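Subject: Structure for you to look at

Hi,

Here is the structure I promised, with its sequence. My notes follow below it.

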Amino acid sequence: MNKIRFKLRGKQSLEEATIDDQGFSLLINESSYNIHQLPWDVPVDGTIYGTLYNYKETLKSQADQFYEEPYKVPPKAPILYIKPANTFIGYNMPIPLPKGVQELEVGAALGIVIGRTAKKVKQDKAYDYISGYTIVNDISIPHKSVYRPAISQKSRDGFCPIGPWIVEKQEEVNPDNMGIKVFINEELRQENTTANLVRNIPCLIADITEFMTLNAGDTLLVGIPPSPPLVKAGDRIRIEIEHIGYLENTIVHEDELVLGVKV
């Protein structure tokens with residue numbers, strides 16, 4: 001059983017529970033619940049930082065572009081971006097499909113939740129700054145830009161499902177070797193592992209905190225696996241991450257939503 005922290009809609013604070021290793025059954029105050037029985041809210045409230053090109057195959061596939069203008073060399077530091085608060089939605093909440101957009105890109109990411117202020121952290125101390133782990137779907141409108149910030153494509157309302165909980169850090173769980181699977185309408189469409197990261201998690205935290213501070217409550221996305229699947233209206237997305245559980249959401253035309261709820 002894993003210890004988790006979670007938040008339900010309408011509640012102001014995080015609560016604690018335990019789950020089985022597959023994330024199907026929860027034990028809250030000695031009562032057992034299925035994941036589908038509860039109204040999940042977003043379990044994090046800090047800044048969410050995404051990391052580009054941190055899977056080896058993705059970095060390799062972009063190699064030719066790195067030698068073009070304006071930089072002509074591969075990146076030497078992590079390439080980061082921010083998912084703003086307007087993008088955050090919880091488990092089972094609908095993902096809006098913007099008017100005029102036919103497909104969205106699924107971004108299955110392990111989220112590292114920071115537990116205390118992290119500045120100039122050494123790799124061998126990186127795990128001391130981790131509070132736990134969550135699942136994030138870094139949704140975006142498909143685009144090919146390498147250097148121009150893809151704000152319009154990645155920062156739409158509802159473009160960052162998170163949760164359904166935070167699994168507390170534990171020694172027997174290695175986040176640098178977690179299997180990730182993406183199912184669309186129950187069909188397996190993507191499979192990878194965090195063992196394929198360019199920068200493993202201690203290295204990523206060390207490199208980022210060398211030039212900026214991560215605060216308690218912030219979440220760092222370790223990267224999106226190569227060949228992310230595309231989805232359209234009506235598709236049901238399920239992201240499974242080993243030892244964490246799964247995150248499910250459905251794509252819905254934005255004009256069918258009122259305050260984030262389908263009408």
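Ile237 of strand 17 has Asn249 as its bridge partner in strand 18. Bear in mind that this is a predicted model. Strand 18 covers residues 245–253. Six bridges tie it to strand 17, and the two run antiparallel.

The turn between them is worth a look. Three residues lie between the strands of this hairpin. One detail there concerns the backbone: His243 takes a positive phi near 75 degrees.

Now the other neighbour of Ile237. Its bridge partner there is Ile184. Phe183 is also paired, with Arg238 of strand 17 as its bridge partner. Both contacts belong to the pairing of strand 13 with strand 17. Strand 13 spans residues 179–184 and strand 17 spans residues 236–241. Five bridges join them, again in an antiparallel run.

How does this fit into the sheet, and what is the strand order? Five strands make up an open sheet, ordered 8-18-17-13-14. The pairing is mixed. Strand 8 (95–97) and strand 14 (187–193) are the edge strands, and each pairs on one side only. On average, neighbouring strands of this sheet are turned by 20 degrees against each other, direction ignored.

To find your way in, start at Ile237: Asn249 is its partner in strand 18, and Ile184 pairs with it from strand 13.

Best wishes

Key. Residues numbered from 1 in each chain as written. Predicted model: local features only at pLDDT ≥ 70, side-chain atom pairs only at ≥ 80, totals over all residues. Heavy atoms only, no water. Pairing = 2+ DSSP bridges. Helix = DSSP H or I, 4+ residues; strand = E, 2+ residues; numbered from the N terminus. Axes fitted to C-alpha atoms, helices over the stretch in contact; angles between N-to-C directions.
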